[in-house]
Amino acid sequence: MKTIGVLTSGGDAPGMNAAIRAVVRTGIYNGIKVMGVKEGYNGLIKGNISEMNLSSVGDTIHRGGTILRSARSDEFRTDLGKNRALTVMEIFGIEGLVVIGGDGTLRGANDLNKLGVPVIGIPGTIDNDLAYTDLTIGFDTVVNTVVDLISNVRDTSASHGRANIIEVMGRECGDIALCSGLAGGAESIIVPEEKLDIDEVCKKLIQGRNRGKLHSIIVLAEGAGNAYELKNSIEEKTGIETRVTILGHIQRGGNPTATDRIIASKMGAKSVELLMKGISGKVVGVRDNKIIDMDIDEALSMKKEFDSETYKLSKMISI
């Protein structure tokens, strides 16, 4: 294999640049030309592709976002779009592809693999919602970012004696809420995997107020309910002034943590090594602190299990 391509697709995640950097430099180290595909599968269809060199990824390991940019592509979901992508790859001499992104991105990689394209997928998503890997690129950074923001909100909440609902990302997976809530000392953590018990939330608030607690933090995953409806219910039941803070896309930005830089670098290098060995149709990941690879079909068929033990722990120590 003389030429490979690399792209990022779907939502950006801190650490993607570290993975791109590792793919490019591992490829060049082994005498392989690396082509950067800009704007994901959309760029693959349109031929928005250029050769990358050592300088292309210089001074990028610490940067959030993705230097290759990302875009949604409805066209790629069609047979015509996939065939155009194959044609473009042939024109540019791309013999293998490294794809970085979440569930939808990896499903696109699987489609290309079934069409005969040697492809390796890297899990890049802040949600940590892929079952086959212990960590996805970006998750550790987002949790640390949210924990810092919880501390900021706690300061002002304590000054005014308020409760504060902090909404974090996670439509179907509550990992961000769970881990940031536990690390941030939240009184209640509300996730889509567990049924909301509003009376239990209110009871904790009242008990805290009765023992002189000046603030209360409730972390809510965006897929677990409406923050403003929850605020209204709390105020109606307890009389405690409650504010809502929706973190939104501020969670996605910022410099990746050391953990994200390290796992992204390892995954990027592993992806190139697999392609060099003629291995394709795989995703790489982390399991028990080791880099693993697995068939894409098998990885995507696995169901994500919620960490109920950590959830129980969070409830026990937040009394």
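A salt bridge here is a side-chain nitrogen of Lys or Arg within 4 Å of a carboxyl oxygen of Asp or Glu. By that rule, one salt bridge crosses the interface of domain 1 and domain 2. Keep in mind that this is a predicted model: local features need pLDDT of at least 70, side-chain atom pairs count only at pLDDT 80 or more, and totals for chains, interfaces and linings use all residues. Residues are numbered from 1 along each chain as its sequence is written, and side-chain values use heavy atoms, with hydrogens and water left out.

## The two domains

The domain assignment splits the protein chain into domain 1 (3-138 + 256-301) and domain 2 (140-253); such bounds come from an automatic or database domain assignment. Their C-alpha centres sit 34 Å apart. Twelve residues from domain 1 and eleven residues from domain 2 take part in the contact, where contact means heavy atoms within 4.5 Å.

As for area, about 1000 Å² is buried between domain 1 and domain 2, with 53% of it on carbon and sulfur atoms. Buried area is the accessible area (1.4 Å probe) that two parts lose on being put together, summed over both. On the domain 1 side, Ile 126, Asp 127 and Thr 257 supply 45% of the area buried against domain 2, more than any other three residues.

Between the two domains there are also eight residue pairs in polar contact, both residues at pLDDT 80 or more. A polar contact is a pair of N or O atoms within 3.5 Å; within protein, one must be able to donate a hydrogen and the other to accept it, and residues adjacent in sequence count only if both atoms are side-chain atoms. The side of domain 1 that touches domain 2 breaks down into three nonpolar, five polar and four charged residues.

## Salt bridges

The structure holds 17 salt bridges. Here are some of them, with N to O distances.

| Pair | Closest N and O atoms |
|---|---|
| Asp 12 and Arg 252 | 3.5 Å |
| Asp 175 and Lys 304 | 3.1 Å |
| Lys 315 and Glu 200 | 3.5 Å |
| Lys 231 and Glu 235 | 3.0 Å |

Asp 175 lies in helix α6 (residues 175-183) and Lys 304 in the loop between α10 (296-301) and α11 (308-316), so their salt bridge ties together parts that are 129 residues apart in sequence. Helices (H or I, at least four residues) and strands (E, at least two) are DSSP runs, numbered from the N terminus. Asp 175 is buried at 8% relative accessible area, while Lys 304 is partly exposed at 28%. For those words, buried means under 20% relative accessible area, exposed over 50%, and partly exposed in between (1.4 Å probe, protein chains only).

Lys 315 is partly exposed at 31%, and Glu 200 is partly exposed at 30%. Lys 231 and Glu 235 are four residues apart in helix α8 (residues 227-238), so about one helical turn separates them. Lys 231 counts as buried at 18%, whereas Glu 235 is partly exposed at 26%. Elsewhere, salt bridges that share partners join Arg 162, Glu 241 and Arg 243 into one network.

## Around Thr 66

Thr 66 sits in the loop between β3 (49-52) and α3 (79-91) and is buried, with a relative accessible area of 14%. Its side chain makes a polar contact with the side chain of Thr 8 at 2.8 Å. Leaving aside residues up to four places away in sequence, Thr 66 touches Thr 8, Asp 12, Met 16, Asn 17 and Ile 20.

Methods:
Nonpolar A, V, L, I, M, F, W, Y, C, P; charged D, E, K, R; others polar.
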